[in-house]
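Visitor: I'd like to learn how people label rings in a protein model. Could you walk me through it?

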Amino acid sequence: MPMVVAENLVKSYGKVKAVDGLNLTIDKGSVTGLIGPNGAGKTTTIKMILGLLKPDSGWVEVFGQNPWDNPEIRDLIGVVHEKAFFPSHQRTIDYLRRACRIFGVSESRAFEVLKLVDLQEASDRAIKALSAGMLQKFAIAHALINQPQLVIADEMTANLDPQSRSALLDLVLRLNKDEGVTFLLSSHILPELSRVCDSVAIINRGKVWAFGKLAELYEKYGAGIVRISTDRPVELSEEIKGLPFIEKLAADARGISVKVAKGREEEFYEYVSKLARKVNAKIHGIETGSASLEELYRLVVGANKLGETI
Amino acid sequence: MKRGKPFLEVFASAVHEDYRFPILEIFVFFYALGTFALASFGSALSTMGASEEAVAYSLASSVLGTPLFVFLILIIKNLAYGLGSDIEKGVIQTYLSYPLKRSRILSAKLLSAIGLSLLILLGIQIPALYLLAPGIVASHFGAVLLTYAANLSPILFISGIMLLVTLIVRRGGLALVFGIILYFAFSIVSSMLMFTAFATKSSTILQILSVFYPSTALSRYYGMQFYPGIEEVWVPTFQEVALYIGASYLITIFTFAIAYIYFCRRFSV
């Protein structure tokens, strides 16, 4: 059953189209990752889902209602904003107790959520005295105060140390598994998302470029990936992308990831050697395997950047 | 899930931030100082030969002088730093994530920024007036209220414009600068209009001024002279005074209504 449905969402800031015909469905009980480069439209999409921004056109429904006109649905939603800010002169525990009263939950929940994010020792501290990492933990605690059915988090693990990140991801998995909480997580840290997400939406230039169960996306875009390690990835990728049997290609400073049409792998290897000689590139290694989420992302985004040649 | 009390909590949170120690104490001190020590009782004394109603008006006007300026400073501070900075930093975004209508969030913020400031001002001034002239104030409380209404309306109008600007510029510092400029612009323009009115003996200018500063009409009605010795150019009736006060509040309400509509329908974070 879909918890969030967005259809043809469009939002512009002046002449810049931040979101341009975006479609997205978040199923109940899922953990969906929202990934994309900076300025792809992730935060704008999240704000429209939360009813903080009004779409120029298209529509969005959360729990079957328009979030802009129905703020009461936020009773069921926990939010971690990209830049979390709270009234700074109040103590953490006091503000969380206030949030408890806002949502009509027991005030004992305030200390519970502080414990959940391992921030109980800072309960007496003023919010302005929290470090960036602690403030992020506080924002997560605040998002869980109303025992939400849906948690929407924009860069939830930003500013956290590796240990806290890991603990937080465990918390996400536990809440999802034990309490059926649905998560929509936006992040740039793809290994983290691959650990917790069962679905992923890759957003670029205001549109969803790929969306589905992680396993299906791996199958569609990531199976049979050839990784070429070379000293001249840019030059070599320019040559490779001209080959007719290349389905997807992405290059970075370390090398090139290529999805080759089925049955054409041997032919591809021959071509790679020739093309490497042509551009004077040294091949350090070639391996075949399944793509990581990062590669998947680069293949989807990179592939479309290269246009009709892929 | 049991419904909470989001409006009251956002209001309480705003009060906590707007009046944290020692802001409340400092402003209460200045209100009291202005009321008891800096009031220009000379103008009140000059009306000793006038009617008791005019004396009540004069007393209320004299104690309002400095505290009215303090009141404006407090409102500008609250709107710029309470609302402007909250928008800038993202606190409003946090409030908007609660199950609460936008109009109620803005109401909670304004109740703290303006309503409470006004309550503190009146809470000090009205008892002070009773202490200073219990008989006159008690028997002519209507005149006192009218004086307050006439003097507060331009301040509230400036607040309404500043609120609108704060919502649009979304910057605490910028809103503060704008508020100060706006206040001085209003003061200078009104002084110039007043001078021109008397120099040209034009009642029209005074009438126009009274729409924004109804205290101009009220003072004429009670026979107060801005420029002693110079012939009065306009003496309105009580109905006219009431009309000017009503018109000034209508303009103020209109300004706030635009700000509310903007915040509820257009404002995005």
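Guide: Sure! Let's start with a cut-off: a residue counts as buried when its relative accessible area is under 20%, and as exposed when that area is over 50%. Keep in mind that this is a predicted model.

Visitor: Why is A:F103 called buried?

Guide: Its relative accessibility is 3%. Buried means under 20%, so A:F103 counts as buried.

Visitor: And what makes B:Y98 buried?

Guide: Here the relative accessible area is 1%, and the cut-off is under 20%, so B:Y98 is buried too.

Visitor: How many aromatic pairs does the structure hold?

Guide: There are 18 over all chains. Take A:F103 and B:Y98: their ring centres are 5.6 Å apart and their planes meet at 75 degrees.

Visitor: Why is that pair called edge-to-face?

Guide: Centres within 6.5 Å make a pair, and planes over 60 degrees apart count as edge-to-face. With 5.6 Å and 75 degrees, A:F103 and B:Y98 fit, so the pair is edge-to-face.

Visitor: How do you know that the pair joins two chains?

Guide: A:F103 lies in helix α2 of chain A, while B:Y98 lies in the loop between α5 and α6 of chain B, so the pair joins two chains.

Visitor: What makes B:F29 and B:F30 an edge-to-face pair?

Guide: They are 5.5 Å centre to centre, with 65 degrees between the planes; edge-to-face needs over 60.

Visitor: Why is B:F29 called partly exposed?

Guide: Its relative accessible area is 49%. Exposed needs over 50% and buried under 20%, so B:F29 falls in between and is partly exposed.

Conventions:
Residues numbered from 1 in each chain as written. Chains lettered and ligands numbered in written order. Predicted model: local features only at pLDDT ≥ 70, side-chain atom pairs only at ≥ 80, totals over all residues. Heavy atoms only, no water. Phe/Tyr/Trp six-rings, centres within 6.5 Å; stacked < 30°, edge-to-face > 60°. Helix = DSSP H or I, 4+ residues; strand = E, 2+ residues; numbered from the N terminus. Buried < 20%, exposed > 50% of the residue type's maximum accessible area, 1.4 Å probe, protein only.
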